[in-house]
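Here are some notes for a colleague at the bench, set out as numbered points to be read alongside the model.

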Amino acid sequence: MSKNQSTEDYLEAILLLSRESEFVHRVDVARKIGVSQPAVQKAVKLLQSGGYVECDGMHIYLTAKGSEYAESIYDRHCTLKNFLLSIGVNELDAEADACEIEHVLSPATYAAIKDIVNKK
């Protein structure tokens with residue numbers, strides 16, 4: 001599975017769900033992302049082939065590789081949301097915009113934004 005917005009959205013969702021509960025189920029991922037369970041099933045197979053997740057039949061677990069990637073995505077999301085909030089964007093828009101922006105920023109632009117957020 002190539003690193004793209006869909007991959008990142010699934011990994012981020014699995015990470016956040018795993019923080020809420022010991023076990024992550026496909027139905028929970030479907031609800032969190034707003035997709036069908038068959039879509040999650042297909043994505044999970046691709047994530048497994050990429051070495052990002054493992055499954056025991058009922059539960060989804062991030063591998064070390066998947067966890068590292070998911071954490072980096074979530075860090076980008078939080079940093080961007082905090083940046084947007086700091087410049088006066090409301091909470092709802094900052095959350096939605098961070099979800100979109102996190103996938104398209106260049107590493108250099110992200111680093112510059114992160115520097116600004118960390119200095120505040």
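**Notes on the helices and their packing**

1. In this predicted model, helix α4 covers residues 64–86, and its 23 residues reach 33 Å from the first C-alpha to the last, which is close to the 33 Å expected at 1.5 Å a residue. After α4 comes Gly88, whose phi is positive, near 100°.

2. The buried residues of α4 are Gly66, Tyr69, Ala70, Ile73, Arg76, His77, Thr79, Leu80, Lys81, Phe83 and Leu84, a list in which charged residues such as Arg76 and Lys81 stand beside nonpolar ones such as Ile73 and Leu80. The cover over these buried residues includes the helices α1 (5–20), α5 (91–101) and α6 (107–119), together with the strand β2 (60–62). In reading such a list it helps to recall that an α-helix has 3.6 residues a turn, so residues three or four places apart point the same way.

3. How do α1 and α4 lie against each other? Their axes are 9 Å apart and the helices pack at an angle of about 95°; since angles of 65 to 115 degrees count as roughly perpendicular, α1 and α4 are therefore roughly perpendicular to each other. By class, the contact of α1 with α4 has seven nonpolar, two polar and four charged residues. On the α1 side the residues are Thr7, Glu8, Leu11, Glu12, Leu15, Leu16 and Arg19, and they meet Tyr69, Ala70, Glu71, Ile73, Tyr74 and His77 of α4.

4. The largest nonpolar core has 18 residues, of which Leu11, Ile14, Val29, Leu47, Val53 and Ile60 touch the most other members. At least two residues of this core are supplied by each of α1, α2 (26–33), α3 (37–49) and α4, and the largest share, five residues, comes from α1. Ile14, taken by itself, touches Val24, Val29, Leu47, Val53, Ile60 and Leu62, when residues up to four places away in sequence are not counted. There is also a second, separate core of seven residues, which includes Phe83, Leu84, Ala98 and Ile113.

5. Is Asp9, which is placed in helix α1, buried or partly exposed? Its relative accessibility is 25%, and Asp9 therefore counts as partly exposed, given that buried means under 20% and exposed over 50%. Leaving aside neighbours within four places in sequence, Asp9 is in contact with Ile33, Glu102 and His103. Asp9 and Ala64, by comparison, are 55 residues apart in sequence and lie 17 Å apart in space, C-alpha to C-alpha.

Note on methods: Residues are numbered from 1 along each chain as its sequence is written. This is a predicted model: local features need pLDDT of at least 70, side-chain atom pairs count only at pLDDT 80 or more; totals for chains, interfaces and linings use all residues. Side-chain values use heavy atoms; hydrogens and water are left out. Helices (H or I, at least four residues) and strands (E, at least two) are DSSP runs, numbered from the N terminus. The expected span of a helix is 1.5 Å times one less than its number of residues. Buried means under 20% relative accessible area, exposed over 50%, partly exposed in between (1.4 Å probe, protein chains only). Contact means heavy atoms within 4.5 Å. Axes are lines fitted to C-alpha atoms, for helices over the stretch in contact, and angles run from 0 to 180 degrees between N-to-C directions. Angles under 35 degrees count as roughly parallel, over 145 as roughly antiparallel, 65 to 115 as roughly perpendicular and the rest as oblique. A nonpolar core is a set of buried Ala, Val, Leu, Ile, Met, Phe, Trp, Tyr and Cys residues joined through side-chain atoms within 4.5 Å.
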